[in-house]
Every structure is written in structure tokens, then in C-alpha cells.
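Hi everyone, and thanks for making time. I'd like to walk you through a structure that will be new to most of you, so let's bring it up on the screen.

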Amino acid sequence: MKIVAVEAIPYSIDYRKPLRFASGEVHAAEHVLVRVHTDDGVIGVADAPPRPFTYGETQRGLVAVVETIFAPAVLGLTLTEREVAHTRMARTVGNPVAKAAVDMAIWDALGRTLDLSVSEMLGGFTDRMRVSHMLGFDTPEAMVDEATRMRSDYGIEVFKVKVGRRPVSLDTAVVRALREGLGDDVELYVDGNRGWTASESARAMREMSDLNLTLAEELCPADDVLGRRWLVQQLTVPFVADESAVTPADITREVLGGSATAISIKTARTGFTGSQRAHHLCEGLGLEVVMGNQIDGQLGSACTVAFGAAFDLTSRRAGELSNFLDMRDDLLTEPLQIRGGELAVSGRAGIGVDIDPDKLDRYRLDT
Ligand code: MUC
Ligand code: MG
């Protein structure tokens, strides 16, 4: 159970169509596969998707920080010393995605060693989650078409709509077209990735007040401290902190400061160990939780559903688990399947998925 090597393998897989949102856009999954090897020959895996527009990490930076700082920090630990790994990695500031991938690869290796599923080890509350699909910027017609296809092909009934463009009518028109095109039964919520000011956000939410939205996420920057508090106080739906509340300290600050009333937990940036801390804090504070998507591939989505299904609080709302559907290919031996609007936890040991070595050879950038 001793960690003897940690690899960071950069790879790239194109998207069929780019995902666009207020803080950036993604054309290819230029991620890093992290593999943790033990002295028993077990290999744990996890995915690190760099999101420079959110956390400042890049693909080359992820490889460098894993190889030069985090790998030496965890070499020689046993897989059960996850809190030691967490504390050692926490000595380096930032780099949430790199830390999360090392953490989850250790959990995967532990699950494989013990022949237990990570989801069961974490809490085992249920074995599946409802799926929410994230719709990137496009015309109203194209976004309604995509949502309609997601509903007919995969049974998805929950949609997160990216907003934050100017004028705000560009986005309010989309949300209205979605409500009219899909009917009253689908759940719709919005995510601004900090694109609007507080007053633009308030105006947009007023314009959409008849559309039965269930959540509003990061419509304006949390750094606009008083504006954001003013906005959150007047809304009639929970306001989700995503990129503004990564660590337990961030969550505490944002919620106590009146900047948020719900939290997005993303395993891609807090791993399983940090996500447990965020979950327990949210439970204690009485906050609703959404399992968010960091534009994850299938491995990342398997991690999200493994964590989300482990607890009551994280499995209540639909998890954002479907954006891998926009990728041209992926790394797994068996693709994840969304059926009837749900994604099931695989139930196999560890995270429960395997990397196809031929696919990794095809897409890796370091050979
Ligand atoms: C989201 O919920 O904001 C966009 C940027 C990022 O880091 O995650 C995505 C989705
Ligand atoms: Mg978000």
C-alpha cells in the first residue's frame, strides 16, 4: 500500500463543439492524467482539467507542480495516510486541480487495493444521480435544439444555462426560449461565471422572474463585496457560489458575508478529501449543494458521481455530469452511459473505471 511513483501525463482530446461561457471557452480537453503507483503494483488514476480562467493552472503547470512538488510530498506514504498527503500538499498555496487529482488517484488506488468502491467508502448513500446538462453560449435556437436532443437521447430534464453576456437580453432571450421550447416540466437554472455586474444580474433575474428558475450561480464577482450581498439578499432562489468558494474557509467567508446561499462542490478542484470537508461544512451550515462540472471528461465525471452519490445532501439535486458527451473521444475502456436522465456509479473497485492504454497512447502529448 506504499506509494512508489506518481505520474502526470498530459493529453488532448478535441471537443465536437466548443463550450463557451462568460469567463472563457474550451475547445479541447487538454487535461493531465495523474497515476499513483503502489509497491503492490496497484495503479490509481484521476484527471486534472486545467482552468486558467478560474484557478490560474495550465496543462504544463499541472505537470510541473505534480512532478516537482506533490509527487515528492506523497512518495513513501501508505494509501491510508490521505490526511498526511492532504496536509503536505496544503503547504503549497493554490494549485487546487493538481492537488485534487493526486488526492483522488490515492483514493482510487486504495479502493482497488481493498476491492471497495470509493463511493461506498465515502458514504454509500445511493448508487446514482440525476443528471443536469450545462448549455454553453449560442443562439436561442441552437441552445433549445441541444437541450431537446439531450432530453430525447438521454432523458435529461435539468439544464444549467450559461449567462453573463452583454446586453443581458442575449441571455434572458435564451432562457425564455428554453422554457417555451421545453415546457414547464424541465428544471432550469443559470450560471453567470461573474460576467455581469450586480445591477445587471438583478435586472436579468427580474426579467426572468416568470420562468421558474431554481438557482442562480456566480452571476457577478464575489469580489464586488457589497454589490454581491445586495444582489443575493433580493433573490428568491438560492445563490450558488462556485469559483468563489473552493476551500472550507472560502465557503465560510462567502456565506457568512452574505455572498452565497448554496455551494457548488467540484471534485476536480477539491478531490475527495477536500470535497468531504466542503460537504460536512455545508451540512453543518444548512446549505444546499450542487455537484458541479469543471468541463470534465468521463474520468472526472465518474469522480463527481462517485462523490455525489455518497451523501444525501450531494445527491438531492441533479449533478452536472454530462458535458463529456461533447468530446470526440475519451480515455475509458467502457464509456459512461447516461440513461433515463441518470448516471449510475459503476460499483467496481476504486472510482470504478479503467483507462484504455491504446487511447492513452493515441492522445498523450509527452511521447
Ligand atoms: C461552471 O460551473 O462554471 C466553467 C468554468 C469552470 O471552471 O467550470 C465551468 C462550469
Ligand atoms: Mg459555475
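Here is something to start with: how many of the 19 residues of H4 are buried? Before I answer, please keep in mind that this is a predicted model. The answer is 16, so H4 counts as mostly covered.

Let's stay with this helix for a moment. H4 covers residues 96–114. With 1.5 Å for each residue, its 19 residues should span 27 Å, and because the C-alpha atoms at its two ends are 27 Å apart, the expectation and the model agree. Right after H4 comes Asp115, which has a positive phi of about 60 degrees.

What does H4 lie across? The helix lies across strands E1, E2 and E3, and its direction makes an angle of about 150 degrees with E3. Those strands form an open sheet of 3 strands in the order E1-E2-E3, and the pairing is antiparallel. At the edges we find E1, residues 3–21, and E3, residues 43–48, each of which pairs on one side only. On average, neighbouring strands in this sheet are turned by 20 degrees against each other, ignoring direction. If you want to see one pairing up close, look at E2, residues 24–38, which is joined to E3 by 6 bridges in the antiparallel sense. Leu33, for example, has Asp47 in E3 as its bridge partner.

Now let's move further along the chain, to a run of parallel pairings. E6 and E7 run parallel and are joined by 3 bridges, with Val190 partnered by Ala216 in E7. Together with helix H8, residues 198–207, these two strands make a right-handed β-α-β unit. E7 is itself mostly covered, with 4 of its 5 residues buried.

From E7 we step to E8. These strands also run parallel, with 2 bridges between them, and Glu217 stands opposite Val240 in E8. Helix H9, residues 225–234, completes a right-handed β-α-β unit with E7 and E8.

The next step is from E8, residues 239–241, to E9, a parallel pair with 2 bridges. Here Ala241 has Ile263 in E9 as its bridge partner. Once more there is a right-handed β-α-β unit, made by E8, helix H10 and E9. Then the chain crosses from E9 through helix H11, residues 267–285, to E10, and that crossover is right-handed too. E9 and E10 run parallel, joined by 4 bridges, and Ile265 stands opposite Met291.

E9 deserves a second look. In a regular strand, side chains alternate between the two faces of the sheet. Which residues of E9 lie on each side? Ala262 and Ser264 are on one side, Ile263 and Ile265 are on the other, and all of them are buried, leaving both faces covered.

Finally, the metal. Which residues are the protein donors of the magnesium ion, ligand 2? They are Asp191, Glu217 and Asp242, lying 2.0 to 2.2 Å from the ion. Their spacing in sequence is D-x25-E-x24-D. Asp191 lies in E6, residues 187–191, and Glu217 in E7, residues 213–217, so this pair ties together parts that are 26 residues apart in sequence. Both Asp191 and Glu217 are buried. You have already met Glu217, as the residue opposite Val240.

That's my tour, and I'm happy to go back to any part of it.

Notes. Residues numbered from 1 in each chain as written. Chains lettered and ligands numbered in written order. Predicted model: local features only at pLDDT ≥ 70, side-chain atom pairs only at ≥ 80, totals over all residues. Heavy atoms only, no water. Donors = N, O, S within 2.8 Å, 3.2 Å for Na, K, Ca; no water. Buried < 20%, exposed > 50% of the residue type's maximum accessible area, 1.4 Å probe, protein only. Pairing = 2+ DSSP bridges. Axes fitted to C-alpha atoms, helices over the stretch in contact; angles between N-to-C directions. Contact = heavy atoms within 4.5 Å. Right-handed = clockwise from strand over helix to strand, strands pointing away. Expected span 1.5 Å × (residues − 1).
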